[in-house]
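Here's a quick briefing to read alongside the model. Keep the 3D view open and follow the bullets topic by topic.

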Amino acid sequence: MVIALATAATVVDASPFSTNGALVVANTPEHQRDDAYRGLLRWGAGVCVLAPISAWLIFVVI
């Protein structure tokens with residue numbers, strides 16, 4: 001459980017709500033900013049779902 005949560009927390013650093021993600025969105029040209037924000041938001045949400053499941057499969061099931 002700890003490995004799954006740590007993996008999800010680490011990979012989600014690219015979401016637009018983290019410092020790194022906010023810097024990426026802020027430095028994106030204005031006409032592409034909405035797309036960059038949505039893309040990073042999808043990435044963060046997807047990783048929150050997939051990282052714990054894959055970590056559980058790798059470290060518990062196998």
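What follows is a short tour of one helix pair, the loops beside it and a few single residues. Bear in mind that this is a predicted model. The pair to look at is H2 and helix H3 (residues 33–61), whose axes sit 9 Å apart at an angle of about 160 degrees.

**How H2 and H3 pack**

- An angle of about 160 degrees is over the 145 cut-off, so H2 runs roughly antiparallel to H3.
- The crossing of H2 past H3 is right-handed.
- On the H2 side, the residues that meet H3 are Gly21, Val24, Val25 and Ala26. On the H3 side, their partners are Arg33, Tyr37 and Leu40.
- By type, the residues of this contact split into 5 nonpolar, 1 polar and 1 charged. Gly is classed as polar and Arg as charged, so Gly21 and Arg33 are the two that fall outside the nonpolar group.

**Arginine 33 and threonine 28**

- Arginine 33 belongs to helix H3, and with 31% relative accessibility it counts as partly exposed.
- Beyond its neighbours within four places in sequence, arginine 33 is in contact with Val25, Ala26 and Thr28.
- What does the side chain of arginine 33 find at valine 25? One of its polar atoms lies 3.2 Å from the backbone oxygen of valine 25.
- Threonine 28 sits in the loop between H2 and H3. Its relative accessible area is 12%, so threonine 28 is buried.
- Not counting residues up to four places away in sequence, threonine 28 touches Arg33 and Ala36.

**The loop between H1 and H2**

- Proline 16 has its place in the loop between H1 and H2. Is proline 16 buried or exposed? With a relative accessible area of 10%, proline 16 is buried.
- Leaving aside neighbours within four places in sequence, the contacts of proline 16 are Gly21, Ala22, Val25, Tyr37, Leu40 and Leu41. Gly21 and Val25 are also among the H2 residues that meet H3, and Tyr37 and Leu40 are among the H3 residues they meet.
- From proline 16 to glutamine 32 the C-alpha to C-alpha distance is 14 Å, with their positions 16 residues apart in sequence numbering.
- Serine 18 also lies in the loop between helix H1 (2–11) and helix H2 (19–26). Its relative accessible area is 13%, so serine 18 is buried too.
- A polar atom of the serine 18 side chain lies 2.9 Å from the backbone oxygen of serine 15.
- With neighbours within four places in sequence set aside, serine 18 is in contact with Val12 and Asp13.

**Two more positions in H3**

- Alanine 55 lies in helix H3. At 6%, its relative accessible area is under the 20% cut-off, so alanine 55 is buried.
- Which distance separates alanine 55 from valine 2 in space? They are 9.7 Å apart, C-alpha to C-alpha, although 53 residues apart in sequence.
- Phenylalanine 59 is in helix H3 as well. Its 55% relative accessibility is over the 50% cut-off, so phenylalanine 59 counts as exposed.
- Phenylalanine 59 and aspartate 34 are 25 residues apart in sequence, and their C-alpha atoms are 37 Å apart in space.

Technical notes: Residues numbered from 1 in each chain as written. Predicted model: local features only at pLDDT ≥ 70, side-chain atom pairs only at ≥ 80, totals over all residues. Heavy atoms only, no water. Helix = DSSP H or I, 4+ residues; strand = E, 2+ residues; numbered from the N terminus. Buried < 20%, exposed > 50% of the residue type's maximum accessible area, 1.4 Å probe, protein only. Polar contact = N/O pair within 3.5 Å; in protein donor to acceptor, adjacent residues only side chain to side chain. Contact = heavy atoms within 4.5 Å. Axes fitted to C-alpha atoms, helices over the stretch in contact; angles between N-to-C directions. Parallel < 35°, antiparallel > 145°, perpendicular 65-115°, else oblique. Left-handed = near helix turned anticlockwise from the far one by under 90°.
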